[in-house]
Amino acid sequence: MIRHTLLAALSSLALVTPAVAAEAPAEIKLGALYASSGRFASISMPVHDGMMLWLEQKNAEGGVFVKVFNRKIPLKLIAYDDQSNTGTAATLYNQLITQDKVDILIADSGSVLTSVAVPIARDNKMLLIDQTGTGATFFTPDNPYIVLLDDPVSTIWPKPLADFLTQEGPKLGIKKVAMIYATNDFTGTQANAVRKFIKESNSGVELVYDQGVPTETSNYTVLINNIRATQPDAVIELGYAPNDIAFLRNLADSGVKFNFLFCIYPGLETDLLAKNVGAAGLNGVFTYVPSSEMSYESEFGMNLPQFKAAWNKAYGHGKVEFGFNSVAGYTTGLVLEKALATADSLDQLALRKAIFDLSGKLKTIDGTFELNAEGAQIGEITPLGQLAAEGEQIKFVTVWPFAVATGKPIYPAP
Amino acid sequence: MLIYTLLAGLLFGLYFSLMGLGLNLMFGVMRIVNLAHGDFLMLGAFLAFWLFNLFALNPIPGVAVAFALFLLAGLPLYYLLVPRLLAARDPEMLSFILFFGFSQVIEAVATIAFGTSERSIPGGSMARAAAAVASLLDLAYRPGPIAFLGQSFPVAWLAAGIVSALAVLLIYVYLYRTRLGYLTRAVMASREEAISTGIDVHRVSAIAFGIGIALAAVAGVFVPFMLGSITPAMGVDVTITSFAVIVIGSLGNPLGTVLGGILYGVSYMFMQSYYSSWANLLPYLLLIAVLLVRPSGLLGRQVRRA
């Protein structure tokens, strides 16, 4: 009798166990890194703050809807400060996975701080939510544990720039191009892409100066003089925000003028660059036109004016400037929200599938979300624009591709 | 290209000398390594930034304000930190730990106070100061880059070079032409003997400490023009560069700092011109080379005991 009772009890326990396992967790644990100091702070904090804006909004609404539990679940963010240090970041990524056991692993902003997360996530079979780490080497057919959410892979970024130089450039008299780039995954990959696009174009445009510099470079005066000696018709400078600030300041202080100058961050972090370089220093500079400037039709989440208003309300202190990276962080949240609402489980590969299923279908403030087979973003493209200073105001004029152009390029730049 | 690179190296080298001068003075007098040196430089840069933005004070007069304020701040800071450190069994090693911690505190507080983003002072401000000086001296100058030995350089480079040269000169006048300087050199030669002869070692050291961080702050005023922008986290890189400069020249010898700075500057600019990707390796390569060939630095033995 006792034996029967025990067996019955064990059987009922066995029946109950799966039900307990399927119970909704009290919270979904997101693990993320940010850099509150160091070289990448100015691109990391806006991304982090942008995501926080989404997270706080969702938690105020009771959490995000998780399909597998058919209910809203609050989000808990476990975030550590890597201080822009890759060694610290590697330790903290491991901590998020093995100690904190987060449900979703989110990389810090930028390719440098993402690069150390790629092998760690892969080894631990955790899907890496890559926000803005666009280095092309991160995405390989044999690694299903990465997906790039918020900006296109670096091989795509400079396509409009290279197309403009090789297709429109010769008509404007651009034949000789000088390129200087910071040697990291983000700008190094873009430099490789520019080189490839120019070579394959057979347009007669040639690279007369092609030099890499350490990402920590803080003075470009001698390099500017060397570039000038090659008498280029166009100059491409690829770096992070501190690189671009130093380059543009050194250029102004040297009294050197290039007819065509392209830099990345005057477009991505316009407010930050304007504070450091001044509106006059940005006048005529060619740059990417990011989603913080180009108002895409958003079918999910806030649109650009709404988001900008929410940002200013939350972070009006001015210590972290509004720019592309703010939009990127918010976009991370939107994609995760959509994925959790459709994923069949919280298993990492199920999450990946849910995110891949959004490809080509999700339109946010950041443009059309689209992935290639390796998880690299190929949707949210960056047209080429030229900045025009009107007093202290900076305006974007999109010049390429023609389909989205809002004006004509001024060459030579004023 | 060659001449431009060489001259740029000389000018920038003078600035590197200024960066290292205060660190070296402190080591020479107190035998302590101030790993917060770069953070004092960063604070000097932020002081210049706020003076410019709040009071429209040009960075050139800002140099004097920074020197005075940090000299005054350095005196109580010395009495707060250093005497206890010097009473320890191994003050040189302990100074690494103490000032490393202090560096972290300064950086954290600065981050909270100023935020993480880059900050700068408009480049034109230096040109305006140069125009005012030129007008006083009745010299022809149109705001913009300035010609130096047939080459054109940003006016800030020349200003930084002149201020650096003046700082070195004044340090020499202080050390070799003033009574306080004689006492300072006595402490540099032997702290114990200086105490036994009745020299107020703490007073002498406190002034040297104050001058040391004041020189760092003066170098900081030029940061927006020489190093692109100011961030609270820049201190560590500056400390490493300053440390390399003074070790190359020789620890404890101001003239060695000038030589170290110029050698560093010229080598750095040549690396930038011809092997730009490898430019950041330079401080370590130079350090290794100098320590292998002359472990006491380029001017090690001869002048240290002068």
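This is a guided tour of a two-chain predicted model, moving from overall confidence to the sheets, domains and chain contacts.

**Confidence first**

Before selecting anything, note that the model as a whole scores ipTM 0.89 and pTM 0.85. Colour chain B by pLDDT: its average is 89, and 97% of the residues score at least 70. Within that chain, helix H2 (residues 37-55) of chain B has the highest confidence, at 96, whereas helix H14 (residues 300-304) of chain B has the lowest, at a mean of 53. Next select residues 302-306 of chain B, over which pLDDT stays under 50 and for which the model has seven contacts beyond four places in sequence. Where pLDDT is low, the predicted coordinates should not be read in detail.

**The five-stranded sheet of chain A**

Now select strands S4, S1, S5, S6 and S7 of chain A, which in that order form an open sheet with parallel pairing. Its edges are strand S4 (75-81) and strand S7 (146-148) of chain A, each of which pairs on one side only. Viewed along the sheet, neighbouring strands are turned against each other by 25 degrees on average, direction ignored. To see one of the pairings in detail, zoom in on strand S6 (residues 128-130) of chain A, which three bridges join to the parallel S7(A); there Ile129(A) stands opposite Val147(A).

Add helix H2 (residues 41-60) of chain A, which packs on the sheet and touches strand S1 (28-34) and S4 of chain A, its direction making about 160 degrees with that of S4(A). Then add helix H3 (residues 86-98) of chain A, which lies across S1, S4 and strand S5 (104-106) of chain A and runs at about 175 degrees to S1(A). In the loop between S4 and H3 of chain A, pick out Ser84(A), whose phi is positive, at about 65 degrees, although this residue is not a glycine.

**Two domains and their contact**

Colour chain A by domain, with domain 1 covering 28-151 + 295-369 and domain 2 covering 159-289 + 383-404. The centres of the two domains, taken over C-alpha atoms, are separated by 29 Å. Where they meet, 16 residues of domain 1 of chain A are in contact with 13 residues of domain 2 of chain A. On the domain 1 side, H2, helix H4 (111-115) and helix H14 (324-342) of chain A each supply at least two residues, and the largest share, three residues, comes from H4(A). The residues of that side divide into five nonpolar, nine polar and two charged.

**A crossover and two cis peptides**

Move to strand S8 (residues 176-182) and strand S9 (residues 206-213) of chain A, which pair in the parallel sense over seven bridges, with Ala178(A) opposite Tyr209(A). Together with helix H7 (residues 185-201) of chain A, these strands make a right-handed β-α-β unit.

Further along, select the segment after strand S16 (393-400) of chain A, where Pro401(A) has its place. A cis peptide bond joins Trp400(A) and Pro401(A), with omega about 0 degrees. Pro412(A) is also placed in the segment after S16 of chain A, and the peptide bond from Tyr411(A) to Pro412(A) is cis, with omega near -5 degrees.

**Where the chains meet**

Finally, show both chains and select the residues between them: 35 residues of chain B are in contact with 35 residues of chain A. On the chain B side, the elements that give two or more residues are helix H1 (2-30), helix H4 (91-114), helix H10 (223-226) and helix H12 (254-274) of chain B. By class, this side has 14 nonpolar, 17 polar and four charged residues.

Methods:
Residues are numbered from 1 along each chain as its sequence is written. Chains are lettered from A and ligands numbered from 1 in the order in which they are written. This is a predicted model: local features need pLDDT of at least 70, side-chain atom pairs count only at pLDDT 80 or more; totals for chains, interfaces and linings use all residues. Two strands pair if DSSP finds at least two bridges between them. Helices (H or I, at least four residues) and strands (E, at least two) are DSSP runs, numbered from the N terminus. Axes are lines fitted to C-alpha atoms, for helices over the stretch in contact, and angles run from 0 to 180 degrees between N-to-C directions. Domain bounds come from an automatic or database domain assignment. Ala, Val, Leu, Ile, Met, Phe, Trp, Tyr, Cys and Pro count as nonpolar, Asp, Glu, Lys and Arg as charged, and the others, Gly among them, as polar. pLDDT is the predictor's confidence in each residue, from 0 to 100. A crossover is right-handed if, with the strands pointing away from the viewer, the path from the first strand over the helix to the second runs clockwise.
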